[in-house]
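Got your viewer open? Load the model, colour it by chain, and let's walk through it one selection at a time.

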There are 2 protein chains.
Amino acid sequence: MKESAAVKVRLPATSANLGSAFDVAAVALDLHLEVSAQRAEQCTIHATGRNTAECGRPDGNLILATYAHVLQDARLPAPPLALRVHNEIPLGMGCGSSAAARLAGLVLARTLGGLSWSDEDLLAWATAREGHPDNVAACWRGGLSVSAVERCGAPAASPASIAMATVPVPAGWSAAILLPRHPVLTEVSRDVLPQHYERAAVVATLQRCGLLIAAFATGDGALLRCAMDDRMHQPYRRVLCPLLDHAEALSRVPGVLGVALSGAGPALLLVLDQTASRSALEKYAGQLPDAADLEFLFCDFDRRGAQVDPTPEPILPGSSERPVLPER
Amino acid sequence: MKESAAVKVRLPATSANLGSAFDVAAVALDLHLEVSAQRAEQCTIHATGRNTAECGRPDGNLILATYAHVLQDARLPAPPLALRVHNEIPLGMGCGSSAAARLAGLVLARTLGGLSWSDEDLLAWATAREGHPDNVAACWRGGLSVSAVERCGAPAASPASIAMATVPVPAGWSAAILLPRHPVLTEVSRDVLPQHYERAAVVATLQRCGLLIAAFATGDGALLRCAMDDRMHQPYRRVLCPLLDHAEALSRVPGVLGVALSGAGPALLLVLDQTASRSALEKYAGQLPDAADLEFLFCDFDRRGAQVDPTPEPILPGSSERPVLPER
């Protein structure tokens with residue numbers, strides 16, 4: 001590793017599930033985590049943007065922890081790094097902050113630690129840690145990413161085992177994220193889900209999931225209100241994510257195509273068309289009982305995915321130095 | 001109704017489910033049911049094509065029964081018809097023969113019985129009778145049709161309650177249907193399914209369903225092998241549809257993108273690319289233990305859907321004369 005080696009990586013926020021596409025799809029948002037890093041005498045972080053206290057603390061930092069973990073598993077040294085972090089992604093809100101942080105750490109390990117991992121290796125490692133591929137895929141590729149873990153029931157993900165497709169987001173669609181004040185831990189939000197589902201609930205959700213992907217593929221925004229409904233997770237997460245009580249009414253504000261819990265919540269994702277009015281939405285949110293605790297973020301969708309500088313040499317999947325993947 | 005009034009309708013075969021899109025999607029095949037009808041002194045059927053014995057028998061004929069049923073429900077007379085039926089759709093094999101027959105009967109009732117039903121009314125009636133919208137939607141619209149019953153848990157479908165999208169089938173993809181000798185009743189094939197599913201099985205199927213729609217939308221045929229797998233119905237239908245035991249091996253024949261049970265079976269749908277060889281597939285089938293009972297039908301996908309002559313006057317949904325829909 002050269003002393004002067006440095007790397008920059010820019011990764012988008014992602015909103016997974018979109019209602020019916022539970023653990024299936026995520027869409028990338030034009031809110032970014034930007035990290036630049038180089039080797040240093042000791043670990044330091046200079047943080048700007050949102051959540052600077054959490055982002056600027058080296059202890060337990062997910063970027064640095066991932067970087068160190070991956071290199072330790074590969075039995076390589078993990079030299080201290082000086083990081084500059086600019087973060088626009090709300091933490092703990094269901095906007096893919098952990099997927100972006102893990103992918104940032106993986107990029108640092110690959111570039112500064114000299115790992116010969118392919119992009120598929122990075123995605124497999126991050127998927128295994130996240131427990132599902134949706135945020136990771138959309139964060140890396142941009143757009144609406146659809147992904148499946150190929151081998152049902154396999155004990156560990158392998159790099160070749162994630163099948164992915166990216167559907168472009170239709171022109172003219174944009175997003176709004178409605179944030180409450182307090183975050184929810186993904187693990188807690190997952191604990192409220194049942195272990196079993198009735199066939200009718202599964203079929204209704206499968207239909208909406210298919211319709212959601214088709215709505216993005218055909219640009220038919222009128223389908224989203226139905227397609228962003230589900231019977232797998234949103235009905236159970238209402239107790240942890242009270243903003244869901246307003247989803248139905250918000251979906252009827254002019255210009256709003258559909259509303260769903262963003263990831264495991266507690267934020268809501270709104271998909272908007274060109275007729276949507278920020279002031280109308282802000283006025284609506286201002287009338288809610290918990291208005292003082294709410295924040296609306298309006299943004300475009302991210303259509304590019306991860307930006308890495310320097311661009312790594314292409315590495316074929318299946319190179320000699322394989323990632324060590326955790327048991328799932 | 002004019003004495004000389006006559007109508008022709010041409011409807012494609014459809015293959016529903018495609019593995020993971022269980023009760024969600026169907027694709028239209030270039031095998032057709034063609035019906036021409038005019039008023040007559042008594043009901044007669046002149047049948048050509050496949051299954052002429054069943055198609056030519058007026059008693060219990062699904063086309064005539066639908067025609068009569070719909071007009072009776074609307075308290076209108078159902079004059080006897082002389083039908084000419086040319087059928088290319090295998091009956092009882094999971095190729096959408098009942099959806100095509102019902103839609104044919106509905107078109108006859110609308111045109112010859114003078115019903116003022118919109119296309120949405122026809123689709124809602126046929127969906128309520130079929131129990132799911134997938135074959136009906138693909139039969140009417142062609143291509144890969146994705147559909148959802150909008151109001152979860154509503155006691156009866158209403159015309160406005162089916163949301164649909166049509167994704168074109170990628171150029172260069174074609175189909176093969178592998179037929180065993182004996183049909184299976186859809187009801188029997190549904191009885192073997194469990195009432196409840198584990199969350200992991202549901203998530204794996206949702207992921208594949210999303211991937212399937214994305215594979216058609218992006219033309220990425222390499223995704224189909226994974227996407228046409230499922231944990232909702234195919235594992236349970238193996239006992240009734242023994243051809244499923246060969247699906248995995250068939251999916252690895254060069255040029256085969258994916259294999260799934262066609263509808264509720266017992267036929268298999270193979271999606272092929274331009275490198276597929278009919279002779280290689282026929283040779284493969286010829287080596288199976290039950291080879292003497294098998295038939296391969298090779299066909300294009302249907303990209304046009306229902307063809308009706310004369311084209312009906314456009315009728316707005318919500319006209320005065322509403323269809324009487326059965327309880328679901």
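Start by selecting the contact between the two chains: in this predicted model, 45 residues of chain B are in contact with 45 residues of chain A. About 3400 Å² is buried between chain B and chain A, and carbon and sulfur atoms give 69% of that area. Hunting for salt bridges across this interface? The rule finds zero between chain B and chain A. Polar contacts are another matter: 15 residue pairs, both at pLDDT 80 or more, make them between chain B and chain A.

Now show just the side of chain B that touches chain A. The elements giving two or more residues to it are E2, E5, E6, strand E8 (196-198) and helix H7 (199-218) of chain B. Pick H7(B) here, since the largest share, 15 residues, comes from it. Colour that side by class and you get 26 nonpolar, 10 polar and nine charged residues.

Next, select residues 196-198 in both chains. E8 of chain A and E8(B) run antiparallel, joined by three bridges. For one of the partners, click A:His196, which is bridged to B:Glu198.

Last stop: strand E5 (residues 144-149) of chain B. Six of its six residues are buried, so E5(B) is largely enclosed by the rest of the structure. Show the side chains: B:Leu144, B:Val146 and B:Ala148 point one way, and B:Ser145, B:Ser147 and B:Val149 point the other way.

Then add the neighbouring strands. E2 (residues 21-39) of chain B pairs antiparallel with E5(B) over three bridges; look for B:Ala25 with its partner B:Val146. E6 (residues 162-167) of chain B also pairs antiparallel with E5(B), over six bridges, and there B:Leu144 partners B:Val167.

Technical notes:
Residues are numbered from 1 along each chain as its sequence is written. Chains are lettered from A and ligands numbered from 1 in the order in which they are written. This is a predicted model: local features need pLDDT of at least 70, side-chain atom pairs count only at pLDDT 80 or more; totals for chains, interfaces and linings use all residues. Side-chain values use heavy atoms; hydrogens and water are left out. Buried means under 20% relative accessible area, exposed over 50%, partly exposed in between (1.4 Å probe, protein chains only). Helices (H or I, at least four residues) and strands (E, at least two) are DSSP runs, numbered from the N terminus. Two strands pair if DSSP finds at least two bridges between them. Contact means heavy atoms within 4.5 Å. Buried area is the accessible area (1.4 Å probe) that two parts lose on being put together, summed over both. A salt bridge is a side-chain nitrogen of Lys or Arg within 4 Å of a carboxyl oxygen of Asp or Glu. A polar contact is a pair of N or O atoms within 3.5 Å; within protein, one must be able to donate a hydrogen and the other to accept it, and residues adjacent in sequence count only if both atoms are side-chain atoms. Ala, Val, Leu, Ile, Met, Phe, Trp, Tyr, Cys and Pro count as nonpolar, Asp, Glu, Lys and Arg as charged, and the others, Gly among them, as polar.
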